[in-house]
Amino acid sequence: MADVLVSCINKRDRNSTHEGITHLGNPNSANGGWKWTRAQVIASIEAKDNTFYTLVNGNRGNIGVVDGPNGKYVRTYADGKWNDNLLALPECQ
């Protein structure tokens, strides 16, 4: 199992707070960069193949799967609560 840093995201509408994340990635990872669909990340977390996290200003936020009213999505969990740290990440190229 790998512990994978997520440093960027893509959304259908970058400025919408209601549009879901479509892709997560890290262009600067040791393996030359990666970008996966949200579904691939969810499947990897649920299969316990990988763990994913963000690192913003030295603070780690673990990424987990949430079962929402419109299906499964990803969120960060830090300091004992779910939050929206992923939405603050820059756009993946």
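The following paragraphs lead through the structure from its overall form to its strands, its helix, one tryptophan and its disulfide. The model is a predicted one.

The chain has 1 helix and 8 strands. Read from the N terminus, these elements follow the order β-β-β-β-α-β-β-β-β. The radius of gyration is 12 Å, close to the 12 Å that the globule rule gives for 93 residues, so the chain is as compact as a globular protein of that length. Along the principal axes, the C-alpha trace spans about 35 × 25 × 25 Å. Of the 93 residues, 37% count as buried. The accessible surface of the chain comes to about 5,800 Å², and carbon and sulfur atoms account for 48% of this area. Contacts also link distant parts of the sequence: among those with a separation of 6 or more, 40% are between residues 24 or more positions apart.

The strands may be considered next, beginning with strand S5, which covers residues 50-56. Strand S1, made of residues 2-5, runs parallel to S5 and is joined to S5 by 4 bridges. Within this pairing, Asp3 has Thr51 of S5 as its bridge partner. S5 also pairs with S6, here in the antiparallel sense and over 5 bridges. Phe52 stands opposite Ile63, a residue of S6. The hairpin of S5 and S6 has 2 residues between the strands, and in this hairpin Asn57 takes a positive phi near 55°.

The helix, H1, comprises residues 38-46, and its buried residues are Val41, Ile42, Ser44 and Ile45. These residues cover an arc of only 165° around the axis, which puts them on the same side of H1. A general property of helices is helpful here. An α-helix has 3.6 residues a turn, so residues three or four places apart point the same way. What, then, covers the buried residues of H1? The cover includes strands S3 (21-26), S4 (34-37), S5 (50-56), S6 (59-68) and S7 (71-78). Just after H1, Lys48 takes a positive phi of about 60°.

One residue of strand S4 deserves separate attention, namely Trp36. Is Trp36 buried or partly exposed? Its relative accessible area is 29%, and because a residue counts as buried only under 20%, Trp36 is classed as partly exposed. Apart from its neighbours within four places in sequence, Trp36 is in contact with Thr22, His23, Leu24, Val41, Ser44, Asn50 and Phe52. Two of the residues in this list, Val41 and Ser44, belong to the buried residues of H1. Trp36 and Thr51 are 15 residues apart in sequence, and their C-alpha atoms are 14 Å apart in space.

The final feature is a covalent link. A disulfide is a covalent bond between the sulfur atoms of two cysteines. The structure holds 1 disulfide. This link is formed by Cys8 and Cys92, whose sulfur atoms are 2.0 Å apart. Cys8 lies in strand S2 (residues 8-11) and Cys92 in the segment after strand S8 (81-83), so the pair ties together parts that are 84 residues apart in sequence. The link of Cys8 and Cys92 is right-handed, with 95° about the S-S bond. Are the two cysteines buried or exposed? Cys8 counts as buried at 4% relative accessibility, and Cys92 is buried with a relative accessible area of 6%.

Key
Residues numbered from 1 in each chain as written. Predicted model: local features only at pLDDT ≥ 70, side-chain atom pairs only at ≥ 80, totals over all residues. Heavy atoms only, no water. Buried < 20%, exposed > 50% of the residue type's maximum accessible area, 1.4 Å probe, protein only. Arc of directions from axis to C-beta. Contact = heavy atoms within 4.5 Å. Disulfide = S-S within 2.5 Å. Rg over C-alpha atoms; globule rule 2.2 N^0.38 Å. Areas by Shrake-Rupley, 256 points an atom, 1.4 Å probe, with all protein chains shown as cover. Pairing = 2+ DSSP bridges.
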